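Here are my notes on the model you sent round. Please read them with the structure open.

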Amino acid sequence: MSGASDSNGQPWVGRRLRRKEDPPLITGRGRYTDDHSLPGMLFAAIVRSPEAHARVVSIDASAAKQRPGVHAVLTGEDLRLESPLPCAWVPPGVEMNVPDHWPLARGEVNHVGDPVAVVVGQDRYAVVDAAEDVFVEYDPLPVVVDPQEALRDGAPLVHEQFGTNRVHRWSLGADDVEQVLERSDVVIERRIVNHRTSGAPIEPRAVLADYRSGELTVTTSTQVPHFVRLFLALMLGMSEERIRVIAPDVGGGFGAKLQMYGEEALCAAVARHLNRPVKWVETRSEHMMVSHHGRDQVATVRMGATRDGRLTGVHIQLVADLGAYLMLLTPLIPTLGAFVMTGCYEWESARVDITGVFTNKVATDAIRGAGRPEATHMLEVTMDQLAAELGLDPLELRRRNFIPKERFPAETALGMVYDSGDYHGTLARLLEHIDPAEVRREAEGLRARGVYRGIGFSTYTEICGLAPSRIAGPAGVGVQAGLWESALVRVHVSGAVTVYSGTSPHGQGLDTSFAQIVADRLGISPQQVEVMHGDTATGPQGLGTYGSRSLSVGGEAIVKATERVIDKARRIVAHRLEAAPEDVELREGRFSIAGSPDRGMTLAEIAGEAYVVDNMPAGFEPGLEATAFYDPENFVFPFGAHAAVVDVDVETGKVDVVRYVAVDDCGPAINPMLIDGQVHGGIAHAIGQALYERIHYDDEGQLVTGTFVDYALPSAAELPSFETDRTETPSTTTSMGVKGVGEAGTIAASPAVVNAVVDALRPLGIEFLNMPLSPQRVWEAVQQAQEGVRA
């Protein structure tokens, strides 16, 4: 069937259409959770522990209860739930220590910010004041915040019941990797730290729960409304059919809202307890303190090669700081990175050993990239280190070891099957935009002024399109769910179309890209397609937005449902025009008979026949809609090549990114403008981690970076205009050939920036640096190097 097109004969897919969803958002007419109010609504404030580890001796709420307008002060003993907060990863054959994690602590707190009570009242500011009047007596316990120290004998225990701070051990790869490394001509070892970060979306979290007549409605700023409904049902002992979860406009997520948070269960339980609507809105300081963090991994990377630059083996021993509790996907995150630890390269042998560790910090979980940025960072930084050891150009080392495109689908040394790739092609395209030799000539002139310029590269592949249930589900990796996606496509009598998607976007532009896909297939304009999402009361069961899955899994479900609508439309046209269904094709917005373009019907005419049901054959089912579920056979594997150019002021340690070029391959483009936006945001996110952002706790477990005064987010002033380009290598897994791009920039950028800074400082004898490359850290490295020269 030929594709549909606009009046100029151009298909909608592949065009740079402006986002349909933007006008209300950029004119202040968006509807976020805190914009919703209900009659009789109460407000909640949470009493949080100032101690990183302590026994709760007593809670005295008498003063708070006497404040005007306070309706209740409740503790974990007052709100008994059916089950604790969930951890959804239980890997087969792996012993894992999973502590109970309740919305309100019971008897012990394990990190600063652990909630111990909730104050509920009529005024949102008065309840914050009342929470200050709740007196909690704590008996402090020893604290451990360093994950490697936590594994030492005699370290303070976060959870005494386990007798250890080790959460689990998990390995992937070959047993012979050390033997391969022993045979290698060159072996290097580096300790690479990927520090803790915050998701920091522009909209902090918010929850509004309303319980009436035995039914619960929860409006929440989440990426996964169907997951929230499921876990609320389990925790509250209710049927899912009696719970509705709505994710309205969501002001960014970045993984921080891929979670079942205690505040969601808490507001729901309190609303049921008091029979009043209850709203809680997170402050920015609360977000930094208790919304889950990302990264926080320490890797020992051993990499080997022959003298002429052929990679032999790589062994990565990873210690992952999981914090005090295991949240929804906490222990899974380093595992997601393990699947692509071999990167774009051919290896004789590879192995990843992961040790998860408890510390007295808030839990880590998915933050944009979720394990893949960590994996790419440690691999790409070490590749540059190996190139320096071998005396090779870092790009030449990569070229010699890329998996050639003729080998795809290619099985890696870790057993993953990459569906597609052309790594030489993306690197070649990158070098059409930037000349490393020219950058180095510029660097020579700048050094006389005390400015050291460097160039760094990152060639990456990522695993996304989460996920094939047979691989990721209970019998595979161990996620306790299938990871398919759903869609319902409905053609109304007027010919307008509504698409209900199980994904739940928070800024990706899915209203536009999904409309483009459907419009082409049904012969209409994207303006005639309304995309609905984020409400468990509309459309089929869905699984949400994360892991760059919205297009490659959610979009494929929409294609499947749309094709079923088309099949029925063909039968209707064939019946009315007395032709065979297989002879009906879509041309210029009409379903026409092949060879007779004048004989055809528009979608509106077909819908009229479907709903009026006049002169239809016996057994015809009225209506024109279809539901589909899509479970992929494999992941998809986008890839690309990025380059960063930086200037380092050695007198201050300040690093400026003066140029950034990105070439990504996410398969055929649905909307290039949306791709650029996602890549831009991802790069900014990773540059932020490389140079500015860091969640830091002191030795007593106190959060030092609890506000944006201390946690430095980059602004447009700190970033160059990004230069982007694409190659298009279709995935063989998806019918559209699409992959994913929402996390690509975050996965690729931090090693490119770090490699550039090291390249800039090599003339001073600085060979290696760990993130974050703050002015202080860079200045100290320069001082140490200069003192070494003077000595």
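**Notes on helix H11 and its surroundings**

1. The buried residues of H11 pack against six elements: strand S14 (311-323), helix H10 (372-390), helix H12 (423-433), helix H13 (436-447), strand S18 (451-461) and helix H19 (744-761). Bear in mind throughout that this is a predicted model.

2. Helix H11 spans residues 394-401, and its buried residues are Pro-394, Leu-395, Leu-397, Arg-398 and Asn-401. Looking down the axis of H11, these buried residues fall within an arc of 160 degrees, so they line one face of the helix.

3. The N-terminal end of H11 is capped by Asp-393. A side-chain oxygen of Asp-393 lies 2.7 Å from the backbone nitrogen of Leu-395, a residue that is itself among the buried ones of H11.

4. Strand S18, one of the elements packed against by H11, is mostly covered, with 10 of its 11 residues buried. S18 runs antiparallel to strand S26 (residues 639-649), and 11 bridges join the two. Within this pairing, Thr-459 stands opposite Ala-641 of S26.

5. Strand S14, another of the elements in contact with the buried residues of H11, contains Thr-312. Is Thr-312 buried or exposed? Its relative accessibility is 4%, under the 20% cut-off, so Thr-312 counts as buried.

6. The side chain of Thr-312 makes a polar contact with the side chain of Ser-184, at 2.6 Å. Leaving aside residues up to four places away in sequence, Thr-312 touches Val-180, Ser-184, Gly-304, Ala-305, Thr-306, Trp-347, Glu-348 and Ser-349.

Definitions and conventions
Residues are numbered from 1 along each chain as its sequence is written. This is a predicted model: local features need pLDDT of at least 70, side-chain atom pairs count only at pLDDT 80 or more; totals for chains, interfaces and linings use all residues. Side-chain values use heavy atoms; hydrogens and water are left out. Buried means under 20% relative accessible area, exposed over 50%, partly exposed in between (1.4 Å probe, protein chains only). Helices (H or I, at least four residues) and strands (E, at least two) are DSSP runs, numbered from the N terminus. The arc is that of the directions from the helix axis to the C-beta atoms. Contact means heavy atoms within 4.5 Å. A polar contact is a pair of N or O atoms within 3.5 Å; within protein, one must be able to donate a hydrogen and the other to accept it, and residues adjacent in sequence count only if both atoms are side-chain atoms. Two strands pair if DSSP finds at least two bridges between them.
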